[in-house]
There are 2 protein chains.
Amino acid sequence: MAELFHEIDHCVTAPQGFRAGTTACGIKSDAGIKDLAILVSDVPCTVGGVFTTHNLRAAPVLLCQERLQDGQGQAVVVNSGNANCATGEQGLHNAYRMTELAATKLGLAPELIFCSSTGIIGRQLPMEKLEAGIPQIELSSEYGDAFAEAIMTTDTRPKRLALEFEIEGQAVRLGGVTKGAGMIRPNMATMLSYLTTDVAVERAWLQQELRDAVNDSYNMVSVDGDMSTNDTCLIFANGLAGNTPLNAQHPDAETFRQALRYITCYLAREMARDGEGATKLQTIHVRGARDKADAVLAARSLTRSPLWQCALAGGDPNWGRIAAAAGSSGCEFDQNAFDIFIGETQIAAKGMAIDYDQDQAHAAMAGDEVLITIDLHLGNGEATAWGCDLTHGYIDENSLYTR
Amino acid sequence: MAELFHEIDHCVTAPQGFRAGTTACGIKSDAGIKDLAILVSDVPCTVGGVFTTHNLRAAPVLLCQERLQDGQGQAVVVNSGNANCATGEQGLHNAYRMTELAATKLGLAPELIFCSSTGIIGRQLPMEKLEAGIPQIELSSEYGDAFAEAIMTTDTRPKRLALEFEIEGQAVRLGGVTKGAGMIRPNMATMLSYLTTDVAVERAWLQQELRDAVNDSYNMVSVDGDMSTNDTCLIFANGLAGNTPLNAQHPDAETFRQALRYITCYLAREMARDGEGATKLQTIHVRGARDKADAVLAARSLTRSPLWQCALAGGDPNWGRIAAAAGSSGCEFDQNAFDIFIGETQIAAKGMAIDYDQDQAHAAMAGDEVLITIDLHLGNGEATAWGCDLTHGYIDENSLYTR
């Protein structure tokens, strides 16, 4: 991490004026598992948001997109265990009702409340459980970590981070959480992510910076190539730091941008590392592409290739599968030009195998983090993507089924 | 099968004037496993061909594409165990050398010989094994079945078929073989396929009909979404039936077209059924799409969704994953309009769950063939795709690795 910022505790409740709370309302079948959460600011926030581009969009996504139009908000209520997707008019009604329940609980106008749902597709939300659960939630500025846990589905661990840095010479904070695990592919990666900050930020610039940061982080993650119906990333900026609102001209804009990118890239990596069944995190760095868009295609292609993901699981430096995935990605590709590195070891040069140190290559495949670098030798485009291996665990997670 | 044609034995050597032969030359590590094969016609043929669209194209594909330019050919020599891909100038030289060896063996000009290779990417062909093996091959019109076996890689069984039907009132034949199993995705599905016929066919019409048949068959198969570097489909028409060469105006053109489509669709289904680790064949039928291209997108999307493939493996009628895959395919999609059927049982109507007979739905998921029908209610576009489930077997096949 650059010395511009340092990590602090409490993730989304680290910035001034944010509180969170959770409860187990029984939507998930396992009794006592937290499945309902609220994140709220003491004062209205400027809000930015990025959502799934899926043609099947869950009711809470439709609600968020509508409410984002005026760029204001103060809270989000989230349940896990049910995605409220493919639920028709009733589902949309239930999403609105969910925000009304939170509004009553918080003493706010419903229009200031966003909502998200994650879990199984195609079943109506059990509204009686939400009606009973939302009033029970106890809010605290120390409950950010619990919020990160309550939004998990098949995640094995929460993903959360907060940074402290300076704007106009004064300490400010940015926090974030995300959930991931399955149905993970750009655009966006399947996930819910919430970011909070006490920095004052102009709305248009906040939205643009969020979109750019998401493109280079969450949208560069794939677990299984399955795009989700519920992807949501929201940022709440409550301005309690009292700075002149940030925009592109502000002298500290770059600091905020770097902090935002640090958090979103960290959370993206953690999501890939905790993919369903994953035993290895892979980072794919493509350089020398014709342009950035081509680099993105090539880098993502490895994260979505079951054949390469299996080789990764087995620790097999099978560069033929790397080349096959990159070459079929749609990027410009000269089959007599590309180089491939596993870790620090070059495996292929000018499209062909070279003599390499086999012990070094095997060692680079053996750990729980594997770095692949592809140089296409066609231009200056670069991109980094993150993914994981494909294991029995993924299949068990998604095929074991009891009527 | 329509009564227009009936099945006969010997697949690619069923048509008059075709012979095949195989040997075990030791390219595959397992001694004694057939890995080298020749298919030859007694007389020159009109040849049609369709190849991978991958940007990393194996040397034999480059050779075939060059030799197809004059539309003439008489034989193909094929090895398994090594793909001769990502092998540079040396690889291209070896592909030409492979056809020279076959030409010497057969007493033909090298320009009339095509070649294919399938197996691992990134290693040079062991030419000394080909030099020793090709002269050993014994050719016979009864060895079509052995040819189908020699081109297998991780296939568990050969895929082959021949049909007899009438052109100008006289019995003619069309035979085909294919290999599949892994790295299987359009365009084309990863595969080698060879078709033979004694029917005389005009070159341009043969090429067009082959391309159309491949689009509706091999290009509608996916095992793992990984596109191959070596896909090759060749058809050899030697004209020994003595008919007026077929073209679009010939009164029996439709009979030939139906026979070609019957064989390619049969082989496509068999390839999906024998996908690496597969326990179930799935057939996806999409109707009511805006147009055929949209139907193709939606149908293929299910064959490439690991999440749905896992549900299929588990016998789980998880229609939310079906809807999520179809909705993210890029086809036009009205989330309040689509219907989903599993077998004969309707599971979703107008984008939402309906009360359905659970026993019936579970029974429809339980067998080794599962039919999914999606009606998008947006137009008249239809398409059918084939795929398989995702199991531990796929992962074991592709991740177990010994240095």
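## How covered is covered?

A residue counts as buried with under 20% relative accessible area and as exposed with over 50%, and anything in between is partly exposed. Those cut-offs come up again and again below. One thing to keep in mind throughout: this is a predicted model.

## Two chains, one relation

Let's start with how the copies sit. Chain B can be laid on chain A by a rotation of 180°, with 0.0 Å of shift along the axis and an RMSD of 0.0 Å. That is what a two-fold axis does. Which C-alpha of chain B comes nearest the axis? That of B:His392, at 2.8 Å from it.

The contact surface tells a matching story. Of the interface residues of chain B, 98% are also interface residues in chain A, so the copies meet through the same surface.

## The interface

On the chain B side, 57 residues are in contact with 56 residues of chain A. The size of an interface is often given as the accessible area lost when the parts come together. Here chain B and chain A bury about 4,500 Å² between them, and carbon and sulfur atoms account for 58% of it.

How many salt bridges cross between chain B and chain A? The rule finds zero. Polar contacts do turn up across this interface: seven residue pairs, with both partners at pLDDT 80 or more. As for who builds the chain B side, α8 (306–314), α9 (319–327), β13 (352–353), α10 (358–366) and α11 (392–399) of chain B each supply at least two of the residues that touch chain A. Sorted by class, that side of chain B comes to 24 nonpolar, 22 polar and 11 charged residues.

## Two helices of chain A

Helix α8 of chain A, residues 306–314, is mostly covered, with seven of its nine residues buried. The buried run is A:Pro306, A:Leu307, A:Trp308, A:Gln309, A:Cys310, A:Ala311 and A:Leu312. Just after the helix α8(A), A:Gly315 takes a positive phi of about 70°.

Helix α1 of chain A (residues 59–67) also has buried residues: A:Ala59, A:Pro60, A:Val61, A:Leu63, A:Cys64 and A:Arg67. What covers the buried residues of α1(A)? The cover includes β3 (36–51), β4, α2 (88–106), β5 (113–120) and β10 (232–237) of chain A.

## A serine in strand β4

Strand β4 of chain A spans residues 72–82 and holds A:Ser80. Is A:Ser80 buried or exposed? With 0% relative accessibility, A:Ser80 counts as buried, because the cut-off for buried is under 20%.

The side chain of A:Ser80 has a polar atom 3.0 Å from the backbone oxygen of A:Ala150. A:Ala150 also appears on the contact list of A:Ser80, which leaves out residues up to four places away in sequence. The other residues on that list are A:Ile27, A:Lys28, A:Lys34, A:Asp35, A:Thr118, A:Ile151, A:Met152 and A:Thr153.

## Salt bridges within the chains

Side chains of opposite charge can pair when their charged atoms come close. Searching the whole structure gives 34 salt bridges over all chains. One of them joins the side chains of A:Arg290 and A:Asp294, at 3.1 Å from N to O. The two partners are covered to unlike degrees: A:Asp294 has 4% relative accessibility and counts as buried, while A:Arg290, at 44%, counts as partly exposed. Over in chain B, B:Asp42 and B:Arg19 form a salt bridge through their side chains (3.3 Å, N to O). B:Asp42 sits in strand β3 (residues 36–51) and B:Arg19 in strand β2 (residues 18–23) of chain B, so this pair ties together parts 23 residues apart in sequence. B:Asp42 is partly exposed at 44% relative accessibility, and B:Arg19 is partly exposed at 32%.

B:Asp375 and B:Arg287 pair up too, with their closest N and O atoms 3.2 Å apart. B:Asp375 belongs to strand β14 (residues 369–375) of chain B and B:Arg287 to strand β10 (residues 281–289) of chain B, so here the tied parts are 88 residues apart in sequence. B:Asp375 is buried, at 12% relative accessible area, whereas B:Arg287, at 31%, counts as partly exposed. Back in chain A, salt bridges with shared partners join A:Arg97, A:Glu100 and A:Glu131 into one network.

Conventions: Residues numbered from 1 in each chain as written. Chains lettered and ligands numbered in written order. Heavy atoms only, no water. Contact = heavy atoms within 4.5 Å. Buried area = accessible area lost by both parts, 1.4 Å probe. Salt bridge = Lys/Arg side-chain N within 4 Å of Asp/Glu carboxyl O. Polar contact = N/O pair within 3.5 Å; in protein donor to acceptor, adjacent residues only side chain to side chain. Helix = DSSP H or I, 4+ residues; strand = E, 2+ residues; numbered from the N terminus. Nonpolar A, V, L, I, M, F, W, Y, C, P; charged D, E, K, R; others polar. Buried < 20%, exposed > 50% of the residue type's maximum accessible area, 1.4 Å probe, protein only. Least-squares fit on C-alpha atoms with pLDDT ≥ 70 in both.
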